[in-house]
Amino acid sequence: MTYLAEKPTAPTTLSTLTKFKKTGEKFSCLTCYDASFAHLMELAKIDAILIGDSLGMVVQGQASTLPVAVADMVYHTANVARANQHALILTDLPFMSYATIHDAIVSSRAVMQAGANVVKIEGGSELAPIVEILAKNGVPTCVHLGLTPQSVNVFGGYKVQGKTDEQADRLIKDCEILVNAGASIILLECVPASLATIVTQQFAVPVIGIGAGAGTDGQVLVMHDMLGVHTRKPARFVKDFLKDDGNTTGDILGAFVNYHRSVKDGSFPSVEHSF
Ligand code: KIV
């Protein structure tokens, strides 16, 4: 296991991701919620970590992400940030914690002081004033579009988004407004691969995909999903990197290394993991 002896490379910043985009190098991102896994992700050189509000489901056992509190995000962000000096750290602002500009500022301050480098918020063009004020205050934003789990009650379930021409045009327009407002990263969840590729080519900011095909600049998966730890049927875009043949050591570190390598060499996601 030679990778255990290797020193982690320099910290990943937004500029690193932008450089990756310019040079065509793909980047890896995983969700993480605690120090032990954050340490293994540092050894595996995972480029970015998302402290996702998915922790409500995979850590707390909630039915959705809606019950998650800012205090939960602060606690898990601090745990991760202590153990990983390599990855860019993105933290979700949870449901209704950025419904007003005041709330967005207070919530962002809390997670940034806990160790986040970027805050992630879900929605479309209506977020532009929040993105703008956060950017002015030194808080980079990742805007999450497509399937936005905090709106599960509006969607009526976890369904692929952007399938009609009208929905696709709306999503592209939303991205344009948000990038013009100062968004630093776009994250697309569960959208057709063709739409995600258009967004990736059209905008200069890095685009991360989950269930969005191979055309995005980076990929993210929920850590529990890619380790085969499921409490419900896994989505089509999920691959088990622990069991996969590419995991040469058969352990969790090997699964992270396998995922990182598969994203970098473009072998993940394949067509079977895309819409
Ligand atoms: O909360 C989360 O883990 C997320 C990912 C699914 C992108 O938002």
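Here a biologist and a modeller talk through the pockets, the ligand and two backbone oddities of a predicted model.

Biologist: Let's start with the ligand. Which pocket holds the ligand?

Modeller: Keep in mind that this is a predicted model. The pocket in question has a volume of about 790 Å³ and a lining of 35 residues. The space that the ligand takes up is the largest pocket.

Biologist: Okay, and which residues lie nearest the centre of the largest pocket?

Modeller: Helix H3 (55-58), strand E4 (118-122), strand E6 (185-189) and helix H10 (223-226) each give two or more residues to the lining of the largest pocket. By class, that lining splits into 17 nonpolar, 8 polar and 10 charged residues. Nearest the centre you'll find Met-57, Glu-189, Val-222, Asp-225 and Phe-237.

Biologist: Now the contacts. Which residue has a polar side-chain atom 2.5 Å from an oxygen atom of the ligand?

Modeller: Three side chains are worth a look here. An N or O atom in the side chain of Asp-92 is 3.1 Å from a ligand oxygen, and a polar side-chain atom of Lys-120 lies 2.8 Å from an oxygen of the ligand. The 2.5 Å distance belongs to Ser-54.

Biologist: How much of the ligand's accessible area does the protein cover?

Modeller: Start from the ligand on its own, with 260 Å² of accessible area. Then put the protein around it, with Thr-31, Leu-50, Gly-52 and His-144 among the surrounding residues. The covered share comes to 96%.

Biologist: What about the make-up of that shell: how many nonpolar, polar and charged residues does it have?

Modeller: The residues around the ligand include Leu-187 and Ile-210, which count as nonpolar. Asp-53 is there too, and Asp counts as charged. The class counts for the shell are 4 nonpolar, 4 polar and 4 charged.

Biologist: On to the second largest pocket. Which element gives the most to its lining?

Modeller: That pocket has a volume of about 540 Å³ and 25 lining residues, with Gly-123, Gly-124, Glu-126, Thr-148 and Ser-151 nearest its centre. The lining has 9 nonpolar, 12 polar and 4 charged residues. Strand E5 (141-146), helix H7 (152-155) and helix H8 (165-181) each supply at least two of them. The top contributor, with 4 residues, is H8.

Biologist: Any backbone quirks? Which peptide bond is cis?

Modeller: Look in the segment after helix H11 (252-264), where Pro-269 sits. The bond leading into Pro-269 has omega near 0°. So you want the cis bond from Phe-268 to Pro-269.

Biologist: And what is the phi of Lys-45?

Modeller: Lys-45 is in the loop between helix H2 (35-43) and strand E2 (48-51). Its phi is positive even though Lys-45 is not a glycine. The value is about 65°.

Key. Residues are numbered from 1 along each chain as its sequence is written. This is a predicted model: local features need pLDDT of at least 70, side-chain atom pairs count only at pLDDT 80 or more; totals for chains, interfaces and linings use all residues. Side-chain values use heavy atoms; hydrogens and water are left out. On a 1 Å grid over the protein atoms alone, a cavity is a set of points where a 1.4 Å probe fits but cannot get out, and a pocket is an open set with protein on both sides within 12 Å along at least five of seven lines; lining residues have an atom within 4 Å of a point. Grid points are joined across faces, edges and corners, and a volume is the space filled by probe spheres set on the points. A residue is near a molecule or strand if one of its heavy atoms lies within 4 Å of it. A polar contact is a pair of N or O atoms within 3.5 Å; within protein, one must be able to donate a hydrogen and the other to accept it, and residues adjacent in sequence count only if both atoms are side-chain atoms. Accessible areas come from the Shrake-Rupley method with a 1.4 Å probe; for residues, only the protein chains shown count as cover. A molecule sits in a cavity or pocket if more than half of its atoms lie within 2 Å of its grid points.
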